[in-house]
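Please look through the sequence and the structure shown below before reading on. The paragraphs after them lead from the chain as a whole to its parts.

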Amino acid sequence: MTIANDQLMTIASPEETTQAPERPAISVPHTAVVHPPSGLSLAALVGLRPGRPPLTPAALLEVARAYVSVTAPNQGLFDSRSYELLELTDDFEVWAIHWPVGGQLELHDHGGSSGAFWVAHGSLHESALARHGGLRQRRVEPSNGVAFGPDYIHDVVNLGPAPVTSVHAYSPPMPGMTFYRHGPEGFVAKRTEYRDEPSWAP
Ligand SMILES: [Fe+2]
């Protein structure tokens, strides 16, 4: 598999134009399923060893693609996004996300973690912070993915006619995510959701 240059992005820190918001009380409706360790040969996949630095975006894309075999196609059972935690180690985490028709996640960062997602079934539409400061749109087709560095900001939506499943990998595991709005003033942070909150999901 090759990774197109535009899939690996280095983006100016959002801290240049935004301020961290007060930590709000939040409740995010979702359905989460936690799996036991998958049994995939992680060492063979990415050469992990204790103390290793965070995985690179390219390695995370390989991990996300490999974990497609661990999850199941979206059966359309939920009317909001649902989640499966496929793997959680000190170095990285892997989630499957099932997107109903119209399901989306608003503009967000990944708490300083690098990441990648791989579309297993269906296609997803992504708007991402571009180098010029605006938003860049693209559709991510099935059996394709996107890898990104720690400053990446994007939103993702299922604009298609059927549910979608994607697999997401992050390294290190995300401490939280900050959500943004995009307008004439640029990207403005709205709220941060933290991992230790009961409602946490990626
Ligand atoms: Fe994301």
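A residue is called buried here if 20 or more other C-beta atoms lie within 10 Å of its own, exposed if 12 or fewer do, and partly exposed in between, with the C-beta atoms placed from the backbone. H108 illustrates the first class, since it counts as buried because it has 22 C-beta neighbours inside 10 Å. This is a predicted model, in which local features need a pLDDT of at least 70, side-chain atom pairs count only at pLDDT 80 or more, and totals for chains, interfaces and linings use all residues. Residues are numbered from 1 along each chain as its sequence is written.

The confidence of the prediction deserves attention before the fold itself. The pLDDT, which is the predictor's confidence in each residue on a scale from 0 to 100, averages 78 over the chain, and 72% of the residues score at least 70. Over residues 1–32, however, pLDDT stays under 50, and for these residues the model has 57 contacts beyond four places in sequence, where two residues are in contact if their C-beta atoms, placed from the backbone, lie within 7 Å.

Helices (H or I, at least four residues) and strands (E, at least two) are taken as DSSP runs and numbered from the N terminus. By this count the chain has two helices and 12 strands, and along the sequence these elements follow the pattern β-α-α-β-β-β-β-β-β-β-β-β-β-β. Of the 202 residues in the chain, 37% are buried. Among the contacts with a separation of 6 or more, 77% are between residues 24 or more positions apart.

What gives the most to the largest nonpolar core? A nonpolar core is a set of buried Ala, Val, Leu, Ile, Met, Phe, Trp, Tyr and Cys residues joined through C-beta atoms within 7 Å. The largest one has 40 residues, and those with the most contacts inside it are L60, V63, A64, V94 and A116. Two or more residues each come from helix 2, strand 3 (93–99), strand 5 (114–121), strand 6 (124–129), strand 8, strand 10, strand 11 and strand 12 (186–194). Helix 2 gives the most, with six residues. This helix, residues 57–66, is mostly covered, with nine of its 10 residues buried; among them are the polar residues E62 and R65, alongside P57, A59 and L61.

Strand 5 can be followed next, through its pairings with strand 8 and strand 10. Two strands pair if DSSP finds at least two bridges between them. Strand 5 and strand 8 run antiparallel and are joined by five bridges, in which A116 has A147 as its bridge partner and W118 has G145. Strand 5 also runs antiparallel to strand 10, to which seven bridges join it, and here G115 stands opposite Y170. Strand 5 is largely enclosed by the rest of the structure, because seven of its eight residues are buried. Strand 8 is likewise largely enclosed, because four of its five residues are buried.

Two loops hold backbone features that a careful reader may wish to inspect. In the loop between strand 7 (135–140) and strand 8 (144–148) lies S143, which has a positive phi of about 60 degrees although it is not a glycine. S143 counts as partly exposed, because 13 C-beta neighbours lie inside 10 Å. In the loop between strand 10 (164–171) and strand 11 (176–183) lies P172, and the peptide bond that joins S171 and P172 is cis, with omega about -10 degrees. P172 is 119 residues from P53 in sequence, while their C-alpha atoms are 8.7 Å apart in space. P53 itself lies in the loop between helix 1 (42–46) and helix 2, and it is exposed, with 8 other C-beta atoms within 10 Å.

Two strand residues complete the picture. H108, the buried residue mentioned at the start, is found in strand 4 (residues 104–108). Leaving out residues up to four places away in sequence, H108 touches I153, M177, T178, F179 and Y180, and its C-alpha atom is separated by 9.6 Å from that of K190, 82 residues apart along the chain. R139, found in strand 7, is exposed, with 12 other C-beta atoms within 10 Å. Beyond its neighbours within four places in sequence, R139 is in contact with S123 and H125.
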